[in-house]
Amino acid sequence: RKPWIRATEAGDPGHSVEMGDRVVLQLEPGESLDSIIFGMNLVLSRTAAPDLYILQAAGCDEAISAAEVLSSSPGVVACHPVMRRPWRRHGEIAPAPNDTYFGDQWHLDHRDPNRNREGFDLNVRPAWAVTRGEGVIIGVGDDGVQTGHPDLSARVAQGLNYNFFRELPGGAPASDNANHGTAVSGLIAAEDDNDTGVSGVAPRAQFASWVLFGISAFGFDSFASDEQMMDMFQYASNRVAVQNHSWGNAGVIQRAIDPLSSVGVGNAVTHGRDGRGVVIVR
């Protein structure tokens, strides 16, 4: 007598289950168990709840056959053999990437070989065992990005780069000394395992460069207008899942958000991603 039989789930051949020699039977309220299983070689083993029973069969094959018959019987809500499903250990650690300077990125991973903490870090490698940001697009509002950088070029979301200051497509740095957006984009999404540079915290995500700075008509460094900022906050909000804004103002006073920017933020977090909202990091 086999205590368990292994089977695969319909439509998912890569996912297996084990079926035992006991049957789970759920009936509609008021149905009689005796009449439902009359003539079947099943014995009541436990009553798990009102109208929910566990029945003992002669073996796994008998349990499977009985469950197949009962599952299509009138008065039956659900019926199947007891099952054991596969599991995997959580808390897995992704291997360290081969990026040249990953060993210096203590902010991502600052652990000894036994995973004991040696200092402050984000402890990203357990997260990387689950996801590295695949399928997520991040809008980087900054002074532009060197999108051809060897650690960034594969991570650029095509068709979403935009210079809001100049109101033109493209996400290149606003000037020769505009290097902040490139650094921020590297912290976010620098490609991992490419034997180059560093790894971003979400190295399989994609990003879009949104330029917010430029030179004003009066010749000094200037920020996008409140109208342009409104357009930026709500831009491509059904494709961009996260926005990052690592910038400050020229003065030391923390100003309240202006009405137009507030509308843009509100539209993004309320209507973005088909109503799920855009995550805005500031």
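In the predicted model, helix α5 (residues 226-233) and helix α6 (residues 259-271) pack with their axes 7 Å apart and at an angle of about 5°. Because angles under 35 degrees count as roughly parallel, this geometry makes α5 roughly parallel to α6. The contact draws on D226, E227, M229, M230 and F233 from α5, and on L260, S261, V263, G264, V265 and A268 from α6. Sorted by class, the residues of this contact comprise 7 nonpolar, 2 polar and 2 charged. Helix α5 also lies across three strands, namely β9 (206-211), β12 and β13, and runs at about 145° to β12.

The strands crossed by α5, which are β9, β12 and β13, belong to an open sheet of 6 strands, arranged in the order β8-β7-β9-β6-β12-β13 and with mixed pairing. The edges of this sheet are formed by β8 (168-169) and β13 (279-281), each of which pairs on one side only. At the β13 edge, strand β12 (residues 242-245) runs parallel to β13 and is joined to it by 3 bridges, and within this pairing N244 of β12 stands opposite V281 in β13.

Strand β9 has β7 on one side and β6 on the other in the strand order. With strand β6 (residues 137-142), β9 pairs in the parallel sense over 6 bridges, and G139 stands opposite A208 of β9 in this register. With strand β7 (residues 162-163), the pairing of β9 is likewise parallel and consists of 2 bridges, with Y162 placed opposite W210 of β9. Of the 6 residues of β9, 5 are buried, so this strand is largely enclosed by the rest of the structure.

Helix α4 (residues 180-189) shows a comparable degree of enclosure in its own terms, since 7 of its 10 residues are buried and the helix is therefore largely enclosed by the rest of the structure. The buried positions of α4 are G181, T182, V184, S185, G186, I188 and A189, and these residues pack against β6, β9 and β12. Within this group, S185 has a relative accessibility of 1% and therefore counts as buried, the cut-off being under 20% relative accessible area. When residues up to four places away in sequence are set aside, S185 touches V140, V145, L152, A190 and F207. Among these partners of S185, V140 falls within the span of β6 and F207 within that of β9.

The loop between α4 and β9 contains N194, a residue that comes into contact with a part of the chain distant in sequence. N194 and N98 are 96 residues apart in sequence, yet their C-alpha atoms are 6.8 Å apart in space. Leaving out residues up to four places away in sequence, the residues touched by N194 are N98, D99, P150 and D151.

Two residues other than glycine with positive phi values were also identified, and both are placed in loops that lead into strands. D51, for which phi is near 70°, lies in the loop between β3 (43-49) and β4 (52-56). R273, for which phi is near 50°, is located in the loop between α6 and β13, and thus follows the helix that packs against α5 and precedes an edge strand of the sheet.

The cysteines were examined for possible pairing. A disulfide is a covalent bond between the sulfur atoms of two cysteines. With a cut-off that requires the sulfur atoms to be within 2.5 Å, the count comes to 0 disulfides. For C60, the closest cysteine sulfur is that of C79 at 15 Å, which is too far for a bond; for C79, in turn, the closest is the sulfur of C60, again at 15 Å and too far for a bond. Both of these residues are nevertheless enclosed, as C60 is buried with a relative accessible area of 2%, while C79, at 11% relative accessibility, also counts as buried.

Conventions: Residues numbered from 1 in each chain as written. Predicted model: local features only at pLDDT ≥ 70, side-chain atom pairs only at ≥ 80, totals over all residues. Heavy atoms only, no water. Pairing = 2+ DSSP bridges. Helix = DSSP H or I, 4+ residues; strand = E, 2+ residues; numbered from the N terminus. Contact = heavy atoms within 4.5 Å. Axes fitted to C-alpha atoms, helices over the stretch in contact; angles between N-to-C directions. Parallel < 35°, antiparallel > 145°, perpendicular 65-115°, else oblique. Nonpolar A, V, L, I, M, F, W, Y, C, P; charged D, E, K, R; others polar. Buried < 20%, exposed > 50% of the residue type's maximum accessible area, 1.4 Å probe, protein only.
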